[in-house]
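Let's take a walk through this structure together. Have a look at the picture first, and then we'll go through it piece by piece.

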Amino acid sequence: MHRTWRRFSSYRAGVLAAAYVLLLVLVALATPFLPGPDPRQISNEVMQAPSFAHLLGTDELGRDVLSGILHGVEVSLTVGFAAALAATVIGVVIGATAGYYGGALDLLVMRIAEVFQVVPSFILAAVIVALSGPGLTRVVTVIALLAWPQVARLMRGEVMRIKGLEFVDAVRCLGVREPVILATEVIPNALAPVLAAGTLIVAQAILLEAALSFLGLSSADLVSWGRMLNSGQRFLYNAWWLSVFPGTAIFLTVLAFNLLGDAIGAALNPRAEA
Amino acid sequence: MRRSLLARFLLARLGWAIPVILAILIVNFLIIHIVPGDPIQALIGDFPAPPGYADQIRHEFGLDQPVLTQLGLYLMNLAKGQLGFSFANRQPVLGLILQRAQFTLILMLPALALAASLGIVMALAAAPRAGSLYDSGLTALSLVGFSLPIFWLGQLLVIMFAIKLHLLPAQGMFSLRTRLTGWPYVLDVLWHLILPMFAVTIYYVAIVARVARASVLDALSQDFVLTAKAKGLSRRRVLWRHVLPNALIPVVTVIGYNFGYSLTGAILVETVFAWPGLGNLFITSIGNRDYPVLQGIFLLTAIAVVIANVATDLVYASLDPRVRSTGLRHA
C-alpha cells in the first residue's frame, strides 16, 4: 500500500489531477450552497463579455456563465461516476464469470462484448437517447451498457491468469466451493487494473454526455457543459466566451480523469518502475 | 499456396463479420421497441406522414404478430434495402444516407491520411529520443488529443481562424454567393475543407502518434536494427528503410480498427461547420424526430465499421505473413 502510494505520488501529473478531481467533487457536493446567481436565472444583462460583474460573461438570456459551469460540475460528475461504476460492476461480474468457468458461456459473453466494441458507440447512444427521450438515468444506462465490455475483457484476462496460480489451488484443497473462491480469492486479486480502466471510463462518460448534450439530447432545463456549448454554437460570431469557457471545463475534467487513470494504472502495476 | 492461405483467412474473417452484422441488425430491431409508446413511431418518425402509411408499415413489419415473426419481417425488409422513408426529406432513407455519406468521406479521408502521415513522422522523430522533452511532449499531446471534445475544438478553430483572423470560411462546403464549376469549384471546396479537416486530424493524430511511437520503439529494439547500424548505415537510412516499414503495420491496423471512432469524430465536427454530410443529417434528423434516418445512420455506419475491420485484417495479413497462418484477429 505504502509503496503503491509512493509510486502514484511520483507521477506529478497524476497527483495534480487527483487534487483537481477532489476539488470538483467538493464543488459538486456544495452545489446548493454555491455563491453567485442561480445559473437558470434570466436577467437583462444579456451577452455580456467577461467583466468584474460576470467573470466569464453572460449568455443570450443573461444567465451567468461562471455560475453555469460551477453548477454543471454536478451533472458531469454524476454521469461520469454513475456510468463508470455501473459499467465496472457489470464488467467485473460478467468478465470474472466468463473467465473463471470458461466454455460456451465464455464464448457467448466475449462475442457479445465484441459486438459492443465494434459498433460506433456514440452513434448508438445518440440514437437510443433520441428515440427514448432525454434524462440523466437513461444517459447513464446507455453509457454503462456501451462501456462494460472494456472492463469485462480486462477482468476475464486477469481471472484466467489468476485461477491457475498456486494459492487458488491451495484454497480449493481446503474444500472451499468454487463460487466462493471466485468471489473471495480471485476477483479481489484481479481488481487493480479494473480500477484504472474504471477511471478512464469516467473520462469517456463525461465526454460522451457532453457530446450528447451538445447535440441537444439532454433536457433543456438541465445545466450541463455540453448544453452550454450547444447554445454557444449559435453565437460563435458575437460571444466567444459561451464556447471557450464551458469547453475548457470539459477538457480539463476529462484530461484529469485520463491522467488519473494512467497514474493509477502505473502505480498498481508493480512491474512498471517510475 | 499463398493465395489459398489468404482466401482461407478471408473466409475466417467473414465467419467473424457475419454474426457481428446480424447482431447489429438485432440491436437496431430492439431499438424500435424502446420508444415509449408505439413502435410504429420509431419506424415513421414524428414528421407528418400520409394517412394510411402507418397501417401499411404496421402490416409490412407485422407489428401485430409475435416478436420473432416481427424480427424475421424486419430482417427481410432490410435485405430488400428498405430502411424506410424520410418524410422530412421526402426521400427513401437508404439513398439519403448514401448521398450524404460521400460528403463525410470527403472530410474524413484526407484528415485520416494527414493524421497518419503526421503521426508517423512525429513518432519517428520522437521514439529514438525516448524520455527526452520532445518525446514526453508527444505523449502529452496524444493525451490532450484524447481529452479534447472534438466539437469544442471545432468551435475554437472557427472563433480563431474564421471570426477573429478572417482567414478561412466558418461554415459550409462551398461559397453560396457564387455558382462555381470546374477547378474553381474544387478549390472552393478545398478552401472550406481546411478547418473541419484540421479538427478531425488533431483528434486522430493523438491515436496514431501513440501507437506509432510504441511500434517505432519496438522496431528500434530489434536485432535487424542493430545489424543495420553495425553495417554503418546512416541514422536516417536505418529509420526510413528498416524501422519505418516494420513500424507501419500496427499503424495501419490502428487506423482501420478506429474507423468508427474517426467517423464519429467527423460527424461531430460536421455539426459545428455545417458540413453537409452524415453528421448534419444526423442532427437535423434529431430535430425533426426523423427516427428511421437516425436508425439508418447507425445501421450503415456500424456495418461500414465491420467492413473496415475485415479490410484492415486483410491488409494486415498481406503485410505480415505471420498472421495468415493463424487466421486470428490480433496476432
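What follows starts with confidence, moves to the place where the chains touch, and ends with a pair of helices.

Keep in mind that this is a predicted model. So how sure is the predictor about chain A? The average pLDDT of chain A is 88, and 97% of its residues score at least 70. The confidence isn't even along the chain, though: helix H1 (residues 2-9) of chain A has the lowest mean, 74, while helix H3 (residues 65-101) of chain A has the highest, 93. As a rule of thumb, where pLDDT is low, you shouldn't read the predicted coordinates in detail.

Now look at where the two chains meet. Chain A puts 36 residues into the contact, and chain B puts in 38. Which parts of chain A do the touching? The elements giving two or more residues to that side are helices H4 (103-118), H5 (121-132), H8 (178-214), H9 (225-234) and H10 (241-268) of chain A. Sort the residues on chain A's side by class and you get 27 nonpolar, 8 polar and 1 charged.

Finally, hop over to chain B and find helix H9 (residues 223-230) and helix H10 (residues 235-257). Their axes come within 10 Å and cross at roughly 150°. Angles over 145 degrees count as roughly antiparallel, so that is what H9(B) is to H10(B). The crossing is right-handed. On the H9(B) side, the contact is made by B:Phe224, B:Val225, B:Ala228 and B:Lys229, and on the H10(B) side by B:Val238, B:His242 and B:Val243. By class, this contact has 5 nonpolar, 1 polar and 1 charged residues.

Terms used
Residues are numbered from 1 along each chain as its sequence is written. Chains are lettered from A and ligands numbered from 1 in the order in which they are written. This is a predicted model: local features need pLDDT of at least 70, side-chain atom pairs count only at pLDDT 80 or more; totals for chains, interfaces and linings use all residues. Axes are lines fitted to C-alpha atoms, for helices over the stretch in contact, and angles run from 0 to 180 degrees between N-to-C directions. Helices (H or I, at least four residues) and strands (E, at least two) are DSSP runs, numbered from the N terminus. Angles under 35 degrees count as roughly parallel, over 145 as roughly antiparallel, 65 to 115 as roughly perpendicular and the rest as oblique. A crossing is left-handed if the near helix is turned anticlockwise from the far one by less than a right angle, and right-handed if clockwise. Two residues are in contact if their C-beta atoms, placed from the backbone, lie within 7 Å. Ala, Val, Leu, Ile, Met, Phe, Trp, Tyr, Cys and Pro count as nonpolar, Asp, Glu, Lys and Arg as charged, and the others, Gly among them, as polar. pLDDT is the predictor's confidence in each residue, from 0 to 100.
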